[in-house]
Amino acid sequence: FHIACDSNGNPIINLPVLRETMVAGLPTVTVASPWEYVLGISVALSSAVFLLAMQRRRYYFVDAACIPQTDRAQKVQAIRHLAGFVALSQRLLVLWDEHYFTRLWCVYELAVFQAVHPNRPVIFLPLQCAAASFVMLGLIFLGINLFAIGWVVVVHVTMPWSSVYSLFVMPPTVWAVHFFGQVAAAFWGASAVFQRILLQQTLDSFDVRQAGCSCATDREEIYAAIEGMHMHHGGGGLDAFNRMVRTTLKDQVLQRLYGPQGQSTVKYSTLLMVLLPVTCFVLGQMFTAIRESPAFVQGACLTLFITTTLCTIPYLYLNGIDRGARLARESSQPGCNTLRAFESRARLAIVWTAVRGATEVTLAVSACISMYAAAEWPEAFGLSPRSPCVWVVVSLWNAAWGLVAYRAFGVGSRAAA
């Protein structure tokens, strides 16, 4: 938006200035607007909702909601016919925590799915890792909003001092925002390691007879059903089911979650969703900055900022997650594999990891802004207008980070499972 100036050309409201222009014969200044950021967040969320709405309708079978809990006769019938519901299911999604295998009903659903669909994968989603990703999203969202408020409202910088703000205030602010994001990334990686250790221990020692059930009659019905489904696997039905969970299912679940080398796998789409506030803010500020620039500058900056937000920053956060996982493996101790114990043992290492990650992101963003400045004001860098050197550097930057991101997030990589 534009802020009107007085007769001497001084802005009436002191805000960070991008450029001075003439509107309707009056001098005005273009400032960094928060509305592009707000609009970017709104459009991104609306697009996500629209894409979900356009997908083929899906039906979910949730035992607590679909099986009668008050009518004993109907409940027994539902237990005996659960295989019919599961046979129509395409997949089994397990929202896993450390209490999952202590519930006999959860174990029973797993047994039915494995008996009806032995070749279909069971998808485990560790809830602690999902919670860590939401914490990371919240911290980044909070930091970006504080940065946006400081950019437009709190920091009252007049036109002569706008360059001072850009050089000495903005980089530390960017660093602080990403520092907290990198702390959350380290805990995300550590959470994945501890969840893997706990999941493997749980599957290794699994025994269906140890699962709890509030109703003794339900226990008898479920045991009979499991024995009947897994009797043909050899030996007792319950023992055969135990062996299947400790071997086949364990290998399948750990392979899908952590890959053949036991590394945490992070989907590219998940990281993009977590980094959505950064993407919307950066692209919003970019469009504010280049809206009146020549087409040459707009093209260079558009490709530059898109590569930075879609390739560079996600890759650097993936490195932060991997560093957190490495710290967790190095500091792992028997019986102390919890996030609270990890935080107390490796506090300084976590801070150093976050400092390193935030510095890498800040340097990458600074390099991106420097290339934008070279395209917008080539004379300040000793370049001629529309210098091919700018396009060469921008093209090399885009190609290098595109290749790095493809190797990290591409098909078959450690982050794509």
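In this predicted model, the buried residues of helix α16 pack against three other helices: α11 (268-274), α13 (295-330) and α15 (347-376). The residues in question are Val390, Val394, Trp397, Asn398, Trp401, Ala405, Ala408 and Phe409. They lie on the same side of α16, because they cover an arc of only 100° around the axis. In general, an α-helix has 3.6 residues a turn, so residues three or four places apart point the same way. The face turned away from the buried side carries the exposed residues Pro388, Leu396, Leu403, Tyr406 and Arg407. As for geometry, α16 runs over residues 388-409, which is 22 residues, and spans 31 Å from first C-alpha to last, close to the expected 32 Å.

Next, the cores. The largest nonpolar core has 45 residues, and Met136, Ile140, Trp188, Leu271 and Tyr317 have the most contacts inside it. Elements giving two or more residues to this core are α6 (127-154), α8 (170-204), α11, α12 (276-290), α13, α15 and α16. Helix α13 supplies the largest share, 11 residues. Leaving aside residues up to four places away in sequence, Tyr317 touches Met136, Ile140, His178, Gly181, Gln182, Ala185, Leu271, Leu275 and Val361. Apart from the largest core lies another, of 39 residues, with Phe124, Met229, Leu238 and Val245 among them.

That leaves the aromatic rings. How many aromatic pairs are there? The count comes to 12. Take Tyr100 and Phe124: the ring centres are 6.2 Å apart and the planes are at 70°, so this pair is edge-to-face, the cut-off for that class being over 60 degrees. Tyr100 sits in the loop between β4 (92-96) and α5 (104-116), and Phe124 in strand β5 (residues 122-126), so the pair ties together parts 24 residues apart in sequence. Both rings belong to buried residues, Tyr100 with a relative accessible area of 7% and Phe124 with 4%.

A second edge-to-face pair is Phe305 with Tyr372, at 6.4 Å centre to centre and 70° between the planes. This one links distant parts of the chain, with Phe305 in helix α13 and Tyr372 in helix α15, 67 residues apart. Phe305 is buried at 10% relative accessible area, and Tyr372 counts as buried at 11%.

Finally, back to Tyr100 and Phe124. Ring pairs link these two with Phe101, Phe206 and Phe241 into a cluster.

How values were computed. Residues are numbered from 1 along each chain as its sequence is written. This is a predicted model: local features need pLDDT of at least 70, side-chain atom pairs count only at pLDDT 80 or more; totals for chains, interfaces and linings use all residues. Side-chain values use heavy atoms; hydrogens and water are left out. Helices (H or I, at least four residues) and strands (E, at least two) are DSSP runs, numbered from the N terminus. The expected span of a helix is 1.5 Å times one less than its number of residues. Buried means under 20% relative accessible area, exposed over 50%, partly exposed in between (1.4 Å probe, protein chains only). The arc is that of the directions from the helix axis to the C-beta atoms. Contact means heavy atoms within 4.5 Å. Rings of Phe, Tyr and Trp (its six-membered ring) pair if their centres lie within 6.5 Å; planes under 30 degrees apart count as stacked, over 60 as edge-to-face and the rest as tilted. A nonpolar core is a set of buried Ala, Val, Leu, Ile, Met, Phe, Trp, Tyr and Cys residues joined through side-chain atoms within 4.5 Å.
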